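Visitor: Please walk me through this one and tell me how each label is earned.

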Amino acid sequence: MIEIEHLTKLYSANTGDHAALHNVSLTINDGDIFGIIGQSGAGKSTLVRCINLLEQPSSGKILIDGNDITHYKGKQLLALRESIGMIFQNFSLFQQRTVLGNVTFPLELRHENKAKREQRAKELLDVVGLAGYEQRYPSELSGGQQQRVAIARALANDPKIMLCDEATSALDTRTTVAILDLLQEINRNLGVTIVLITHSLAVAQKICNRIAVIDDGKLVEEGKTRDVFDNPKSPITRELISNDSSMAFSDNETTEEKAKFQELREEEA
Amino acid sequence: MDLGQFFGRYGALLAEGTWASLEMTIISTIMAYIIGIPLGVLVVVTAKNGLRPHRAINAVVGWIINITRSIPFIVLLVFILPFTRLVVGTTLGIPGAIVPLIVAAAPFVGRMVEQSLAEVDSGLVEAAQSFGATTWQIIYKVYLRESLPSLIRGMSIVFITIFGYSAMAGTVGGGGLGDIAIRYGYQRYQYDVMIASVILCIIVVQVFQSIGDIAARAIDKRK
Ligand SMILES: Nc1ncnc2c1ncn2[C@@H]1O[C@H](COP(=O)(O)OP(=O)(O)O)[C@@H](O)[C@H]1O
Ligand SMILES: [Mg+2]
């Protein structure tokens, strides 16, 4: 469980301090696929980067399984980061390493022996549907394949939590759907809690069981995905929904199926 | 005098000169990298948005690099003669030439390394951090590893620059192709010897440029 309490993040600018996050509190439960939505510049990345302390919060607490992590330093900080996988909009794969080398990277950091880490990497490549691609280089792969490698790499340390910062924003619709399906599979089969940032409501609607809407550094709305979509409370959320013309994915899932699917997710949660 | 006679008379001299130039250049390049890599890494790591921002260290290292690089090599050569004598006990011969070459080249390498490392996508550094990499691991496994093709391209530029400097260092006692060209061509009007040493310089530079290009291309896995 991730409990974010009164989180504030200030960036100092020439014009004085600017609050990228202002007094944000929310709880992410184990097994959630938790969506964080909001416009560009809203503070989504900052929020998620505080969870693995890529950004140091200015004030407030972040409790992971009851432990406040915000003061973690040195070994404790590295161990925290090992337990949280992360994927990025532009995949951030090491260009000079093979696919296998990318996936073994996190294990190499822990000095896991070579045979063991390659064994583990192969299993993970199998999970993400890239068995046989071990010796390829990232530049030889499509965007979707690259993100799959990044997902395998993020899973290498057996994380409990996976952070996804606009992980599908650089992909076309079809690839996006495939990657979201994969994330869902990982969430279900491996029990990984997923925190997913997106500016796309369609993405949030497709896989998140709960969402939070952030605007200008403030949490404006939070709840079950369906409730938020059916009954948006804040004007910002309404605006986001009405602006998003491409709400549904053009795959052959019907609205009915989607609703059923949401129910299933909620029962599980 | 035909070519056979020419090489009979000057072949050994030219071969020895080429070897002296290569020796000065290769030893200085290696030493300059041993000093220059840490300098370049230090500048990148202590930069404002670096892994370990440190204003003072960054300023001092940047300053040392800039100052050293602003002194023309021929002046530096003379300027540090006492230092050279202190380090290798002589200002003559190849040892006397190598010290100023290293002093001049190390900051240059520092800049080249800095530039190569700066090309590394900051997203990769962040990804490595997100997996719990230490600062050292990021330096080795991300910065240096990912910029290797660029570092190798830089290395052929460094080599060629030092090779050029070595011609100047040679004239004050190190020997080598530059020394031969000046002694025979300029002082004795033996243009044939000068032309031969110029041709040898061109060959050396082309060979090392090609080695650098081929090596960099061979190991670069980006398209
Ligand atoms: N390192 C930084 N320094 C200063 N301001 C920053 C920094 N990172 C983000 N910001 C600012 O914080 C705000 C939120 O940014 P971000 O979390 O990246 O938004 P989002 O991910 O929702 O697009 C923006 O106004 C952005 O300009
Ligand atoms: Mg962002």
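**Labels and their cut-offs**

Guide: Read from start to end, chain B goes α-α-α-α-α-α-α-α-α-α. That comes to 10 helices and 0 strands, where helices (H or I, at least four residues) and strands (E, at least two) are DSSP runs, numbered from the N terminus. Mind that this is a predicted model, where local features need pLDDT of at least 70 and side-chain atom pairs pLDDT 80 or more, while totals for chains, interfaces and linings use all residues. Residues are numbered from 1 along each chain as its sequence is written, chains are lettered from A and ligands numbered from 1 in the order written, and side-chain values use heavy atoms, with hydrogens and water left out.

Visitor: What makes Ile203(B) partly exposed?

Guide: Its relative accessible area is 45%. Buried means under 20%, exposed means over 50%, and partly exposed lies in between (1.4 Å probe, protein chains only). So 45% lands in the middle class. Ile203(B) sits in helix H10 (residues 191-219) of chain B.

Visitor: Which residues make up the nonpolar surface patch with Ile203(B), and what makes it a patch?

Guide: The members are Tyr189(B), Tyr191(B), Ile195(B), Ile199(B), Ile203(B), Val207(B) and Ile211(B), with about 710 Å² between them. Patch residues need over 30% relative accessible area and no salt bridge (Lys or Arg side-chain nitrogen within 4 Å of an Asp or Glu carboxyl oxygen). Nonpolar side chains (Val, Leu, Ile, Met, Phe, Trp, Tyr) are joined within 5 Å, like charges within 9 Å. Areas come from Shrake-Rupley with a 1.4 Å probe, and for residues only the protein chains shown count as cover. Ile203(B), at 45%, is over the 30% bar, so it qualifies on area.

Visitor: How much of chain B is buried?

Guide: Of its 223 residues, 47%. The accessible surface of chain B is about 11400 Å², and 67% of that belongs to carbon and sulfur atoms.

Visitor: Over to chain A. Why is Ile87(A) called buried?

Guide: Its relative accessible area is 0%, and the limit is under 20%, so buried it is. Ile87(A) belongs to strand S6 of chain A. Beyond neighbours within four places in sequence, its contacts (heavy atoms within 4.5 Å) include Ala150(A), Met162(A), Asp165(A) and Leu183(A). The C-alpha atoms of Ile87(A) and Asp165(A) are 6.3 Å apart, although 78 residues separate them along the chain.

Visitor: And Lys206(A), buried or exposed?

Guide: Buried, because 6% is under 20%. Lys206(A) is in helix H7 (residues 201-207) of chain A.

Visitor: How do you know that S3(A) and S9(A) pair?

Guide: Pairing takes at least two bridges found by DSSP. S3 (33-37) and S9 (210-215) of chain A share 4, in the parallel sense, so they pass. One of the partnerships joins Gly35(A) to Ile211(A). S9(A) also pairs with S10(A), antiparallel over 6 bridges, and Ala212(A) has Glu222(A) as its bridge partner there.

Visitor: What makes S6(A) and S10(A) edge strands?

Guide: Each pairs on one side only. The open, mixed sheet of 6 strands runs S6-S7-S8-S3-S9-S10 in chain A. Helix H6 (residues 173-190) of chain A packs on this sheet, touching S3, S6, S7 and S8. Its direction makes about 155 degrees with that of S8(A), on a scale from 0 to 180 degrees between N-to-C directions, with axes fitted to C-alpha atoms (for helices, over the stretch in contact).
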